[in-house]
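Visitor: I'd like a close look at one part of this model, with enough of its surroundings to make sense of it. Could you start at a single helix end and work your way inward?

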Amino acid sequence: MSKAVRLDKFLADAGKGTRSEVKKFIQKGLVQVNGRTVKKPEQKITEENRVEFLGNPVSMAPEFVYYLLHKPAGYVSATEDRYDRTVMELIPEARKGMFPVGRLDKDTEGLLLITDDGGLAHELLSPARHVEKTYFVRAEGTVTEEDRQKLEQGIDIGEKRLTLPAKVQLFPQEDSDREKTELLRRVRTENLPESYTELLLTISEGKFHQVKRMMEAVGKPVIYLKRISMGPLTLPDELKKGEYRPLTEEEVQKLKNTGGSSAEKQKKC
């Protein structure tokens with residue numbers, strides 16, 4: 001049997017208004033349950049019930065929702081901020097309780113997961129899970145073979161322990177590989193410095209400013225940073241900066257398999 005929820009919450013989650021607004025709708029007799037007008041906002045509803053608002057059927061909203069956002073620079077990864085625009089402003093249809101999973105710096109672009117599934121978010125961000133995240137990095141100067149080895153072996157960024165081993169893929173400034181060339185075409189910007197290196201850096205931690213601190217540690221500061229994947233999710237080519245889309249059911253399941261979400265664990269118990 002499906003979980004029962006209050007009628008006012010049911011309607012609010014379905015996008016029919018705020019909790020206070022839908023309470024007034026219910027009290028005015030604008031809502032029917034199984035063909036009968038209901039005026040009590042606290043009445044319990046399950047997916048077996050037929051709910052209508054202003055004569056139109058209302059479907060039960062999913063327990064959790066998941067969006068993949070192509071974060072542009074200039075937005076902070078927060079639900080609210082006193083001084084800056086937040087990534088949540090880019091998703092007008094986001095329902096109450098949604099938040100960004102993890103953090104991309106204000107000047108960093110790329111893939112950001114937005115959800116209200118706190119259990120899954122906790123698992124994906126857990127240090128014990130080692131969920132891989134890949135970044136396109138443009139750094140000042142020439143990243144040498146010695147630099148690459150340091151990054152891949154683990155490097156001192158001023159904490160008690162070295163970073164976990166990373167994966168590094170260096171790109172020559174002119175690359176003949178078609179797939180790599182397409183990636184570079186999508187992320188390159190104008191006004192490039194005379195000396196720079198482009199690379200893919202994959203890490204399995206989420207320390208504060210980690211990629212920037214790792215590159216600083218080898219003396220090659222970041223001048224452009226973009227996350228292109230997180231676990232099984234990859235930033236779609238067709239998703240432009242500032243755009244978002246819901247995850248597919250397959251993507252959600254892959255995420256849950258990666259994170260081993262609390263919800264999934266409970267179902268197995």
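Guide: Sure, and one definition before we go: a helix here is a DSSP run of H or I at least four residues long, a strand is a run of E at least two long, and the numbering of both starts from the N terminus. Bear in mind too that this is a predicted model.

With that settled, take Gln27, which belongs to helix α2 (residues 19-27). Gln27 has a relative accessibility of 47%, and because the partly exposed class runs between 20% and 50%, that is where Gln27 goes. What does Gln27 touch, leaving aside its neighbours within four places in sequence? The contacts are Lys39 and Pro41. Val38 belongs in this picture as well: its C-alpha sits 7.8 Å from that of Gln27, with their positions eleven residues apart in sequence.

From there, step over to a small sheet. It is an open one, made of four strands in the order β3-β2-β5-β6, with antiparallel pairing. β3 (36-37) and β6 are its edge strands, each pairing on one side only. At the β6 end, three bridges hold β5 and β6 together in the antiparallel sense, and Phe53 faces Asn56 of β6 across that pairing. The loop between β5 (51-53) and β6 (56-58) carries Leu54. If you're scanning backbone torsions, stop at Leu54: its phi is positive, about 55°, though Leu54 is not a glycine. Most residues other than glycine have a negative phi. As for its surroundings, Leu54 is exposed, at a relative accessible area of 55%.

Now for the pockets, which may be what you'd look at anyway. The largest pocket holds about 650 Å³ of space. Its lining has 21 residues, and those nearest the centre are Lys9, Asp13, Pro62, Glu63 and Arg95. Helix α1 (residues 7-13) supplies the largest share of that lining, with four residues. By class, nine lining residues are charged, eight nonpolar and four polar.

The second largest pocket encloses about 540 Å³. Here 28 residues form the lining, with Arg103, Lys133, Glu205, Gly206 and Lys207 closest to the centre. Which elements give two or more residues to this lining? They are α3 (118-125), β10 (133-140), α6 (210-217) and β13 (222-230). The mix this time is 13 nonpolar, eight polar and seven charged residues.

Stay with α3 and β10 for a moment, since the loop between them holds His130. His130 is another non-glycine residue with a positive phi, near 55°. His130 counts as partly exposed, at 41% relative accessible area.

Follow β10 and you get to the inside. Eight bridges tie β10 to β12 in an antiparallel arrangement, with Tyr135 bridged to Leu201 of β12. Strand β11 (residues 167-171) also runs antiparallel to β12, through five bridges, and there Leu170 has Leu199 of β12 as its partner. So how many residues of β12 (residues 196-203) are buried? Eight of the eight are, so the strand is largely enclosed by the rest of the structure. Neither face is left open: Tyr196, Glu198, Leu200 and Thr202 are buried on one side, and Thr197, Leu199, Leu201 and Ile203 are buried on the other.

One last stop is strand β15 (residues 244-246), home of Pro246. Pro246 brings distant parts of the sequence together: Val65 is 181 residues away along the chain, yet the C-alpha atoms are 7.7 Å apart. Beyond its neighbours within four places in sequence, Pro246 makes contact with Tyr66, Tyr67 and Glu251.

Zooming out, the chain has eight helices and 15 strands, and 45% of its 269 residues are buried. Of the contacts with a separation of 6 or more, 64% join residues 24 or more positions apart. The accessible surface is about 15400 Å², with 47% of that on carbon and sulfur atoms.

Definitions and conventions:
Residues numbered from 1 in each chain as written. Predicted model: local features only at pLDDT ≥ 70, side-chain atom pairs only at ≥ 80, totals over all residues. Heavy atoms only, no water. 1 Å grid on protein atoms, 1.4 Å probe; cavity = no way out; pocket = protein on both sides within 12 Å on 5 of 7 lines; lining within 4 Å. Points joined across faces, edges and corners; volume = space filled by probe spheres on them. Nonpolar A, V, L, I, M, F, W, Y, C, P; charged D, E, K, R; others polar. Buried < 20%, exposed > 50% of the residue type's maximum accessible area, 1.4 Å probe, protein only. Contact = heavy atoms within 4.5 Å. Areas by Shrake-Rupley, 256 points an atom, 1.4 Å probe, with all protein chains shown as cover. Pairing = 2+ DSSP bridges.
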